[in-house]
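Colleague: I'm new to this one, and I'd like to know what stands behind each label. Could you take me through it?

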Amino acid sequence: MQRPVTGNNPMNELTKELSMGGNLSKDTLSKLLGMDDFFPVYQLADRYNERQNHGVVRIRAILEFSNYCRRQCRYCGLNRTNLKLQRYRMDEKEIINTVLIAYRAGYQTIVLQSGEDPAYDKEMVGRIIRGIKDQCPIAITLSLGERSREEYAYWKECGADRYLLKHETSDPDIYRSLHPCGTLENRLQCLQWLKELGYETGSGFMIGLPGQTNDTIANDILTLQRLGCDMAGIGPFIAHPDTPLKDHPDGSTELTKRAVALSRILMPQLNLPATTALGVLDDGEKDDIFSCGANVIMRKVTPGIYRRLYEIYPSNLSLDDDIYKGRRDLEDSIRRLGKQPL
Ligand code: 5AD
């Protein structure tokens, strides 16, 4: 006999709302995030993931080419008030050469990331993009923070394919308290420009920020949907000792996985990475996330001398400096999970 559908069980609400066109309300998302037994939702997310991605985990290379940053985000170790950090910049040639090695090692996408560093101006970033595209057909994802519409447009013309800019939190008050140098409004404006300009666009947010509730996270998930994101990085906050948030507790890995699972169900086509931060807090969780809806993983190809200086949050993950070996090891670990690396 079928159980009657009541309005009290969030799982029933989920089923009902999915059957009525696939949209989920903020209330339902918020209640689901707080459920005692989330297992049925994970199972559903895994089914959606299988149907969409057929067991494939996409591997991306990430090159962190500068740790200079003009901003003061209160959670981030790269914020410009952290005077303890030794800063570095890679030059154009070094960046392009590293990308070529990553391409030869099998990577089909490179994420070029830095702090918000104006030293890499419009023309210089353009030359880097063209320099790479002239020599190999790797997909280029930029992650350079908030820039002008004109710069975004120019880099698209130069050959950039995607852009990552996390909205970090959809709550304007929390956003304001954490970002002395920017507004949520401008962040969302940038994301809208990127969409308009034809970039595949990635956003995302952190779990465990001060003042955040399940309602905030529900709104964060709905923000991804409203923006029409192609990708979303959802990771736990990790306290960095040289930032104002040094005493704030780390975000919950369980809640992170729940947010990923619900994002998969609400937006089946979304690319959802297993964020590095999740693996830093708990290596097992990073594997587990692939059965909760995630389908992407990023691997650092940043040269060893710089890697430890790109410390957004403290990490004890020591990775091999050999780009070829790093790629092979990652492929093996994905196969061990019963998934197929791409
Ligand atoms: N803990 C976890 N994630 C962080 N980020 C920045 N600082 C932290 C932190 N302390 C994330 C932000 C940013 C991305 C590059 O790293 O989401 O967008």
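Modeller: Sure, we'll go from the ligand to the salt bridges and then to the aromatic rings. Keep in mind that this is a predicted model.

Colleague: Let's start with the ligand. Which residues are around it?

Modeller: The residues around the ligand are Tyr75, Cys76, Lys166, Glu168, Met206, Pro236, Phe237, Ile238, Ile312 and Tyr313. That shell divides into 8 nonpolar, no polar and 2 charged residues.

Colleague: What makes Lys166 and Glu168 the charged ones?

Modeller: Lys and Glu are among the types that count as charged. Tyr and Cys, on the other hand, count as nonpolar.

Colleague: How do you know that glutamate 168 has a polar contact with the ligand?

Modeller: A polar side-chain atom of glutamate 168 is 2.5 Å from an oxygen atom of the ligand. The limit is 3.5 Å between N or O atoms, so that pair counts. Two backbones come in as well: a backbone N or O atom of tyrosine 75 lies 2.8 Å from a ligand nitrogen, and for isoleucine 238 a backbone N or O atom is 2.7 Å from a nitrogen of the ligand. As for cover, the ligand taken alone exposes 400 Å², and the protein buries 86% of that.

Colleague: On to salt bridges. How many does the structure hold?

Modeller: There are 26 of them. One joins the side chains of aspartate 242 and lysine 84, at 3.0 Å from N to O. These two sit in distant parts of the chain, 158 residues apart: aspartate 242 is in the loop between strand 6 (231–236) and helix 10 (253–266), and lysine 84 is in the loop between strand 1 (56–66) and helix 4 (92–104).

Colleague: Why is that pair called a salt bridge?

Modeller: A side-chain nitrogen of Lys or Arg has to be within 4 Å of a carboxyl oxygen of Asp or Glu. With 3.0 Å between N and O, aspartate 242 and lysine 84 therefore qualify.

Colleague: Why is lysine 84 called exposed, and aspartate 242 partly exposed?

Modeller: Exposed means over 50% relative accessible area, and buried means under 20%. Lysine 84 has 69%, so the word is exposed. Aspartate 242 has 28%, which falls in between, so this residue is partly exposed.

Colleague: What about arginine 162 and glutamate 200?

Modeller: Their closest N and O atoms are 3.4 Å apart, and they form a salt bridge. Arginine 162 is in strand 4 (residues 162–164) and glutamate 200 in strand 5 (residues 200–207), 38 residues apart. Arginine 162 has 18% relative accessible area, so it counts as buried. Glutamate 200, at 36%, is partly exposed.

Colleague: What makes aspartate 173 and arginine 176 about one helical turn apart?

Modeller: They are 3 residues apart in helix 7 (residues 172–178), so about one helical turn separates them. They form a salt bridge too, with 3.1 Å between the closest N and O atoms. Aspartate 173 is exposed at 51%, and arginine 176 is exposed at 55%.

Colleague: Which residues are linked in a network of salt bridges?

Modeller: Arg70, Arg71, Glu116, Glu146, Glu168 and Arg187 are linked that way. Glu168 is also one of the residues around the ligand.

Colleague: Now the rings. How many aromatic pairs are there?

Modeller: The whole structure has 6 aromatic pairs. In one of them, tyrosine 152 and tryptophan 155 are 6.4 Å centre to centre, with 70 degrees between the planes.

Colleague: Why is that pair called edge-to-face?

Modeller: Ring centres must lie within 6.5 Å, and planes over 60 degrees apart count as edge-to-face. At 6.4 Å and 70 degrees, tyrosine 152 and tryptophan 155 therefore meet both conditions. Both residues are buried. Tyrosine 163 and tyrosine 199 are edge-to-face as well, at 5.8 Å and 85 degrees.

Colleague: How do you know that tyrosine 163 and tyrosine 199 are buried?

Modeller: Tyrosine 163 has 0% relative accessibility and tyrosine 199 has 2%. The cut-off for buried is under 20%, so both fit. Ring pairs also link Tyr152, Trp155, Tyr163 and Tyr199 into a cluster.

Technical notes. Residues numbered from 1 in each chain as written. Predicted model: local features only at pLDDT ≥ 70, side-chain atom pairs only at ≥ 80, totals over all residues. Heavy atoms only, no water. Near = heavy atom within 4 Å. Polar contact = N/O pair within 3.5 Å; in protein donor to acceptor, adjacent residues only side chain to side chain. Areas by Shrake-Rupley, 256 points an atom, 1.4 Å probe, with all protein chains shown as cover. Helix = DSSP H or I, 4+ residues; strand = E, 2+ residues; numbered from the N terminus. Buried < 20%, exposed > 50% of the residue type's maximum accessible area, 1.4 Å probe, protein only. Phe/Tyr/Trp six-rings, centres within 6.5 Å; stacked < 30°, edge-to-face > 60°.
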